[in-house]
Structures are given as C-alpha cells and as structure tokens.
Amino acid sequence: MTSEVSKKTTDESRSTMMQLIFPSDTNYHGTMFGGKVMEYMDKIAAITSMRHARGPVVTASTDSLDFVAPIKVGDMIDVEAFVTWTRKSSMEIYVKVQTEHVYTGERKTAVTAFFTFVALDEHGKPTPVPGIIPQNDEEQALHLSAPDRYELRMQRKQDRQKSH
Ligand SMILES: CC(=O)SCCNC(=O)CCNC(=O)[C@H](O)C(C)(C)COP(=O)(O)OP(=O)(O)OC[C@H]1O[C@@H](n2cnc3c(N)ncnc32)[C@H](O)[C@@H]1OP(=O)(O)O
C-alpha cells in the first residue's frame with residue numbers, strides 16, 4: 001500500500017513503560033485490576049501510533065486482550081508496544097505486558113493485545129501513514145500474519161453493521 005521510501009522501522013516508534021505494582025492497583029485476590037492494565041496498554045499503543053504517524057490518532061478497535069498470567073503486588077511490569085503493520089491510514093499495534101520479579105529479574109508474559117489506530121488529518125479525516133519495516137523475527141512474524149487479523153476485523157465490522 002505504501003512505497004519503500006515512506007517506510008519507517010519499528011525502532012522509530014517502539015515505546016515502553018515500566019510500572020511498580022502497589023496494593024492500590026490490585027483487586028481482592030492481590031492481582032492487578034484488568035482495567036488498570038488495559039489503561040496502560042491503550043496509552044502506550046496511542047504513543048506508539050502517534051510516533052509512527054507523527055500526528056493525531058484515534059483508537060479504531062481493540063482485539064481480544066489475553067490475560068496469560070496474573071500480575072501481583074510488588075511486580076514490576078514492562079508494557080511494550082510496536083507497529084506490526086500498516087494499511088493506508090490504519091496501524092496495527094501489538095502490546096505485550098511482561099512482569100519482572102524485582103529480586104530475581106525473572107520475566108513472564110502476562111497480557112497481550114492488538115490495537116488498531118487510525119491517523120487523522122487537520123479536518124479529523126483518516127490520512128495516510130508510512131509503511132513499517134519489521135526489525136526482528138517476532139515483528140516479522142506478526143507483520144506477515146497481520147492481513148489475516150485485518151480481515152477478521154472487517155468481518156466483525158460487517159456483522160455489526162448488519163445487526164444495526
Ligand atoms: C486515542 C483515543 O483514545 S481515541 C478515543 C476512542 N476512539 C474513537 O473515538 C474513534 C471513533 N471512531 C471513528 O472516529 C471512526 O470510526 C474511524 C476514524 C476510526 C474510522 O472511520 P471510518 O468512517 O470507518 O473511516 P474509513 O472507512 O475511511 O476507514 C479508515 C480506516 O479505519 C479502518 N477501520 C475502520 N473501522 C475499523 C475497525 N473497526 N477496526 C479496524 N480498522 C478499522 C479502515 O480499515 C481504514 O483503514 P485504512 O485507511 O488503512 O484502509
């Protein structure tokens with residue numbers, strides 16, 4: 001969709017955020033509130049897409065959030081996001097939350113999700129973004145599988161429109 005010259009590498013927009021989990025971030029099981037994790041994920045995804053587009057963006061959709069392992073009080077979390085794929089005005093962003101044990105340094109993936117952001121022009125209309133050049137094997141794999149996820153989103157959109 002975009003020419004080679006207007007492509008950017010994932011490293012140009014990749015963003016990370018570290019947080020230390022306090023009791024006020026958790027539920028009565030002593031594990032982190034899902035909504036609080038989602039807030040961090042949405043924020044880092046927005047930052048990543050704005051860095052890639054270098055302009056305003058809106059969240060168009062969020063695929064399922066997969067909670068793989070609990071996040072506990074005292075854990076450090078590393079929330080990382082990068083652009084996996086772009087179409088015309090839309091960008092797919094992968095967000096991964098990893099816990100890091102403060103004393104041992106052991107890391108585990110806790111939550112993952114795909115977000116789609118759309119870049120807007122000064123009139124609030126969708127506007128083209130640069131393409132993306134994946135940097136490592138994980139990024140390359142997610143780049144190649146992105147068109148299939150896009151098709152599923154468009155199918156979901158059609159189903160929703162039919163039900164209205
Ligand atoms: C940062 C924030 O928190 S923003 C707050 C939450 N988000 C919002 O309020 C956004 C509300 N939604 C909107 O404004 C609109 O639905 C928009 C801008 C996302 C899309 O508008 P549309 O009228 O559908 O625009 P259009 O059909 O031209 O599509 C524009 C792009 O959005 C993509 N898109 C639209 N709907 C979806 C969807 N549900 N999932 C994924 N991508 C979508 C299209 O595929 C298209 O991508 P492309 O240009 O790369 O081909």
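Which residues that surround the ligand are the closest? In this predicted model, the ligand is surrounded by 16 residues, and the closest are Thr-59, Arg-87, Lys-88, Ser-89 and Ser-90. By class, this shell comprises 7 nonpolar, 5 polar and 4 charged residues.

Several elements of secondary structure contribute to the shell. At least two residues each are supplied by strand S3 (57-62), strand S7 (107-119) and helix H2 (137-163). Strand S3 provides the largest share, with 5 residues.

Polar contacts to oxygen atoms of the ligand involve both backbone and side-chain atoms of the protein. At Lys-88, a backbone N or O atom is placed 2.7 Å from a ligand oxygen. At Ser-89, a polar side-chain atom lies 2.6 Å from an oxygen atom of the ligand. A further contact involves Tyr-150, in whose side chain an N or O atom is 3.3 Å from a ligand oxygen. The ligand taken alone exposes 1000 Å², of which 58% is buried by the protein.

With regard to the chain itself, the unreviewed UniProt entry carries the annotation "domain: HotDog ACOT-type" for residues 11-123. Across residues 11-123, strand accounts for 43% of the chain and helix for 18%. The C-alpha atoms at the two ends of this segment are 29 Å apart.

Terms used: Residues numbered from 1 in each chain as written. Predicted model: local features only at pLDDT ≥ 70, side-chain atom pairs only at ≥ 80, totals over all residues. Heavy atoms only, no water. UniProt positions renumbered as here; feature names shortened; annotations may be inferred. Helix = DSSP H or I, 4+ residues; strand = E, 2+ residues; numbered from the N terminus. Near = heavy atom within 4 Å. Polar contact = N/O pair within 3.5 Å; in protein donor to acceptor, adjacent residues only side chain to side chain. Areas by Shrake-Rupley, 256 points an atom, 1.4 Å probe, with all protein chains shown as cover. Nonpolar A, V, L, I, M, F, W, Y, C, P; charged D, E, K, R; others polar.
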